[in-house]
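User: Could you take me through the second largest pocket and tell me which residues line it? I would also like to hear about any enclosed space that turns up.

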Amino acid sequence: MAHEEEVLGKAYDARLMRRLLGYMRPYAGHVAVAFAAIVGASLLQLAQPYLVKVAIDRYIAQGNAAGLDLIAGAFLAILLAAFGLEFLQTYVLQLVGQRIMYDLRVQVHRHLQALDLSFYDRNPVGRLMTRVTTDVDVLNDLFASGVITVFGDVVTLTGIMVVLLVMDWRLALAAFSVLPLIVLVTQWFRRHVRESYRTVRVLIARINAFLQENLGGMATVQLYRREAAQFRKFDEIDGAHRDANLDSIFYYAVFYPAIEVIGALAVALIIWYGGGLVLAGALTLGSLVAFIQYSQRFFRPISDISEKFNLLQAAMASSERIFGLLDTKVVIRDPIPNPNPNLNSSPNRANPDRDPGRAGTVEFDHVWFAYSGDDWVLRDVSFRVEPGQRVGIVGATGAGKTTVISLLLRFYDATRGRILVDGVDVREMPLDELRSRFSLVLQDVQLFSGTIASNIRLGAPIPDEAVRAAAEAVKADRFIDSLPLGLQSPVGERGANLSVGQKQLLSFARALAFNPSILILDEA
């Protein structure tokens, strides 16, 4: 299957974690504020049971109600402070998570734009969409809810253990006696939920790929009456995804009640053993009540840390896939040496005024090319096209006509030989400069959501007059003027609201609007 690469690696990988934490460096100040708020909130939680102990032993047991107002005021102040710190850490961490998610998506998208077409030949679009959307969302959860907040859980656990040991080490050991059960249940949960999560991740990638492929080809599905067959395939994948999620829910449904039961067992031990100490005069009633409250707070961070393990392994899996994509080498790139100073580079813009150095000479010099191995598509091809010439390349399907275009525009590099444009090897020419010399009209027209004008200029600073002139030159103005908004008329996804002929005319208008030195028509 195309998506079996979704198999998880390590549950924790220090190398990946260091790389992930690098994305937090620009927001170190925010992280420091959130960390301080988390530690402060954890310490305030430790103070609440102790105030209850003081109230019972010092005032209630002594029949002295005078000091209860002070205790109640201190308790209320702690609650308000804890609320403020919880709000601060939640807001700041979510802010950091959203900004890191933005940075990652921008980086991934920029890298995807730089990768050569052979990469897209090997990788389904659905898989790449999963990288940019679902996998990045998982990392947001790590930064917003996991990597920093776990320190608060550790501080809470450590603080409770220290307080309990200081208050009465014997009763503390009784409370800690259930920890082996916690370890066993947690290990069982981690082992099973990991495999369940792996299955869910594989299947969600398959769902994304299936939907992208089938929704894009819905006309073919309906034409050949394959709706029922395609529905059965989707139902099978979706059903497997549902079952995998139900398996995961089962382990959660067992784990959390088990932790609650073990926590209740600890409370029972404290009441049984501590009650005896209270009756014997070896422990105050306030201390026993505080012990019970501390023990209830003790098991909550354990549950949180166990859940964060699942979040951690999800982040490790997603980061491994994202970094694998980011580490994919860009094969077709600008030449490393300084570009020829005679070349007039014009990145990301149209070419309104051709200069004499952009005459439009094309030459193939003994070019060989194979997509893989020795399966040659082109064998020792040589030809020269002078400025002003119109050349037609004909051949059977698979003869390499489109391959000639791909090599000329440097979507791929020739295996042997040279391709020259105006006497310069295309591999020695900056990609922006090379591709700005061409306009290409394909048989399968690609339009984007927007307006007719935006589809002609594609974001380039082409004046409205030039857009109008290009449309008139190919006679597209006839149908454009019949629309209520003319050039500003909306275009649906992939030009769904236009006819095939109209889309073809817009493609021709786009090619002319960029005023290229060389115009290429691929069976258009």
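Analyst: Happy to help; here is a walk through the pocket and then the cavity. This is a predicted model, in which local features need pLDDT of at least 70, side-chain atom pairs count only at pLDDT 80 or more, and totals for chains, interfaces and linings use all residues. Residues are numbered from 1 along each chain as its sequence is written, and side-chain values use heavy atoms, with hydrogens and water left out.

On a 1 Å grid over the protein atoms alone, a pocket is an open set of points with protein on both sides within 12 Å along at least five of seven lines, while a cavity is a set where a 1.4 Å probe fits but cannot get out; lining residues have an atom within 4 Å of a point.

The second largest pocket has 24 lining residues, and Val 391, Ile 518, Leu 519, Ile 520 and Leu 521 lie nearest its centre. Strand S2 (376–385), helix H12 (401–408) and strand S8 (518–522) are the elements that give two or more residues to this lining. Helices (H or I, at least four residues) and strands (E, at least two) are DSSP runs, numbered from the N terminus. S8 gives the most, with five residues.

By type, the pocket lining divides into 14 nonpolar, five polar and five charged residues. Here Ala, Val, Leu, Ile, Met, Phe, Trp, Tyr, Cys and Pro count as nonpolar, Asp, Glu, Lys and Arg as charged, and the others, Gly among them, as polar.

Now for the enclosed space: the largest cavity is lined by residues including Leu 407, Tyr 412 and Arg 427. Its lining has five nonpolar, no polar and five charged residues.
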